[in-house]
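Trainee: I'd like a close look at one aromatic side chain here and at what surrounds it. Take me through it slowly, please.

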Amino acid sequence: MPDVMKTLLLNPPSFENFDGGASSRWPATREIESYWYPVWLTYPAGMIPGSRLLDASPAKINWQQTVEICKDYEFLVLFTSTVGFESDVKLIRKIKEANPSLKIAFVGPHGHIKPDETLNASQDIDFVTRGEFDHSVVEYAHGKPLGEILSVSYRKDHKIVHNAERPQLHTEELDALPFATDIYKRDLKIENYNVPFLLHPFVSFYTTRGCPALCTFCMWPQTISGHAWRTRSTENVAREVKQAIEYFPQMKEIFFDDDTFNIRKDRVLDLCGKFKPLKFRWSSTARVHSDYETLKGMADAGARLFIVGFESGDPQILKNIKKGATVEMARTFMKNCRKVGIRVHGDFIIGLPGETRETIQKTIDFAKELDCETIQVSLAHAMPGTELHDSMAKQGFLKVEALADSGGHQLPHIEYPHLSKPEMMGGVNRFYDEYYFRPKVVWRIVREALWDSNERKRLYHEAVDFLKLRSERWKWVREGGDIEKPMIVVPAPPSASGND
């Protein structure tokens with residue numbers, strides 16, 4: 001077996017403050033600068049000796065610096081996204097000019113869904129992975145020929161070859177993977193990762209893969225992670241929690257970034273039994289299915305906050321997207337969360353199938369009734385590879401493939417005969433305005449910062465960012481939407497502009 005290739009695992013720079021996708025479920029430049037950890041890249045990074053994980057955007061590493069860093073490596077594993085793909089292709093052209101012998105693999109949902117299109121976009125890409133790529137890139141780095149590696153696509157004799165699928169990892173294999181926190185300690189600075197509704201600094205990782213829910217818009221279960229729900233053992237998770245507490249004494253909380261952390265009651269309560277003696281604060285994703293007993297057990301074990309996808313306040317829209325939850329379930333869940341003292345960050349989406357001006361207002365009113373601690377309002381994005389994408393394209397509602405403006409911010413790319421893109425964008429702004437400009441909500445946010453100077457600084461910067469984007473969105477709405485120009489303008493390469 002030849003020596004291991006010197007490997008760089010890269011979450012690349014593209015747009016300024018872009019959360020590019022290495023664990024972001026909605027790759028975008030957000031209303032407030034936010035970064036999720038590149039969890040998917042940590043596992044191969046931990047199995048390739050001498051490797052480095054570079055998360056460019058939160059580390060403020062620009063195009064030129066990335067090109068310089070890549071000169072020292074033999075193998076580049078780049079996590080691409082649909083929004084950032086064109087930028088990534090331009091970036092690797094500059095990288096190959098500086099290091100012609102470098103081998104390059106593209107990983108992530110975009111290549112999984114469109115392996116032929118991805119390879120045809122650039123001769124600089126040596127291969128693309130499909131599905132979970134933990135072992136595919138590790139085997140290549142250790143010298144295994146491409147023809148023998150499962151779940152990769154590559155060129156051979158001027159044709160594209162798709163190798164057989166790799167079986168998904170289950171409990172024993174997931175437990176055998178290195179801990180993400182080992183790579184955070186080695187390569188990242190946890191203070192670079194900020195999510196407004198999580199305590200800062202935080203650390204996040206997965207305890208499961210996959211999600212049995214069938215939400216038509218959700219990218220991960222329909223692409224690389226799948227619908228099969230696969231768990232790490234609770235003992236394995238508890239060991240990583242203990243390690244994170246030891247590694248990062250400055251950490252304020254752990255976030256469990258599973259597709260759905262609370263999907264099975266017995267496992268949640270088993271974890272809580274192991275968490276409780278560790279006396280740490282944590283937050284997680286959650287569906288509205290957990291009963292009072294489960295929520296009480298989570299609260300007693302240190303749970304502070306849940307991220308919950310409520311999506312809509314209209315029952316028919318929830319059926320249209322196969323949410324598997326109802327507005328009544330949401331109300332009961334919120335009532336029980338208040339009883340046990342767990343906060344909720346609610347996610348809502350404007351523009352899902354069945355959306356009208358009336359349902360937008362219904363969802364705004366529903367959100368105010370639920371009265372989550374904080375909310376995020378997104379435009380419906382039909383990501384390639386999802387059922388929503390296929391249905392919107394088939395019905396003629398998918399107006400453009402691109403998803404963002406020239407800064408990487410979300411723009412509507414679905415339009416209905418009865419509901420225009422400017423109306424949906426206006427709905428997002430109106431949603432935020434009606435929700436947050438209520439006196440009790442303003443006070444709830446401000447009081448958090450009264451006794452903490454760091455929180456005051458963070459609140460100030462977040463408010464500035466949010467109001468700036470809000471103003472830009474209203475301008476876009478007033479002008480009727482920038483329909484004539486392409487929705488994504490890829491940043492110019494370094495030689496042209498000298499910028500990121």
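Does Trp 36 count as buried or exposed, and at what relative accessibility?

Mentor: Trp 36 counts as buried, because its relative accessibility is 14%. The cut-offs are under 20% relative accessible area for buried and over 50% for exposed, with partly exposed in between (1.4 Å probe, protein chains only). Bear in mind that this is a predicted model, where local features need pLDDT of at least 70 and side-chain atom pairs count only at pLDDT 80 or more, while totals for chains, interfaces and linings use all residues. Residues are numbered from 1 along each chain as its sequence is written, and side-chain values use heavy atoms, leaving out hydrogens and water.

Now for the partner. The ring of Trp 36 pairs with that of Phe 255: the centres are 5.4 Å apart and the planes meet at 40°, so the pair is tilted. The rule is that rings of Phe, Tyr and Trp (its six-membered ring) pair if their centres lie within 6.5 Å; planes under 30 degrees apart are stacked, over 60 edge-to-face, and the rest tilted. This pair links distant parts of the chain, 219 residues apart: Trp 36 is in the loop between β3 (28–29) and α1 (39–47), and Phe 255 is in strand β13 (residues 253–256). Those element names follow DSSP runs, numbered from the N terminus: helices are H or I with at least four residues, strands are E with at least two. Phe 255 is buried too, at a relative accessible area of 0%.

The two rings have company. Trp 36 and Phe 255 belong to one aromatic cluster with Tyr 37, Tyr 184, Tyr 193, Phe 197 and Phe 202. Across the structure there are 29 aromatic pairs. For contrast, look at Tyr 432 and Tyr 436: with ring centres 6.2 Å apart and planes at 15°, that pair is stacked. Both of these tyrosines are buried. They are 4 residues apart in helix α18, so about one helical turn separates them. An α-helix has 3.6 residues a turn, so residues three or four places apart point the same way.

Helix α18 (residues 421–436) turns up again in the largest nonpolar core, giving its largest share, 7 residues. A nonpolar core here is a set of buried Ala, Val, Leu, Ile, Met, Phe, Trp, Tyr and Cys residues joined through side-chain atoms within 4.5 Å. That core has 120 residues, and Phe 256, Phe 275, Trp 282, Met 298 and Phe 310 touch the most other members. Leaving aside residues up to four places away in sequence, Phe 275 touches Val 237, Val 241, Phe 256, Phe 261, Phe 280, Trp 282 and Ala 301, where contact means heavy atoms within 4.5 Å. There's also a second, separate core of 23 residues, with Leu 10, Ile 69, Leu 78 and Phe 85 among them.

Helix α18 has a charged pair as well. Arg 430 forms a salt bridge with Glu 434, the closest N and O atoms being 3.8 Å apart; the rule asks for a side-chain nitrogen of Lys or Arg within 4 Å of a carboxyl oxygen of Asp or Glu. These two are 4 residues apart in the helix, so again about one helical turn lies between them. Unlike the buried tyrosines, Arg 430 is partly exposed at 29%, and Glu 434 is partly exposed at 23%. Elsewhere, salt bridges with shared partners join Arg 93, Lys 94, Glu 97 and Asp 124 into one network. By this rule the count comes to 32 salt bridges.

How does all that sit in the whole chain? It has 21 helices and 17 strands, and 59% of its 500 residues count as buried. Helix α7 (residues 134–141) has 7 of its 8 residues buried, so it is largely enclosed by the rest of the structure. The long link you saw from Trp 36 to Phe 255 fits a wider count: among contacts between residues at least 6 apart in sequence, 72% join residues at least 24 apart.
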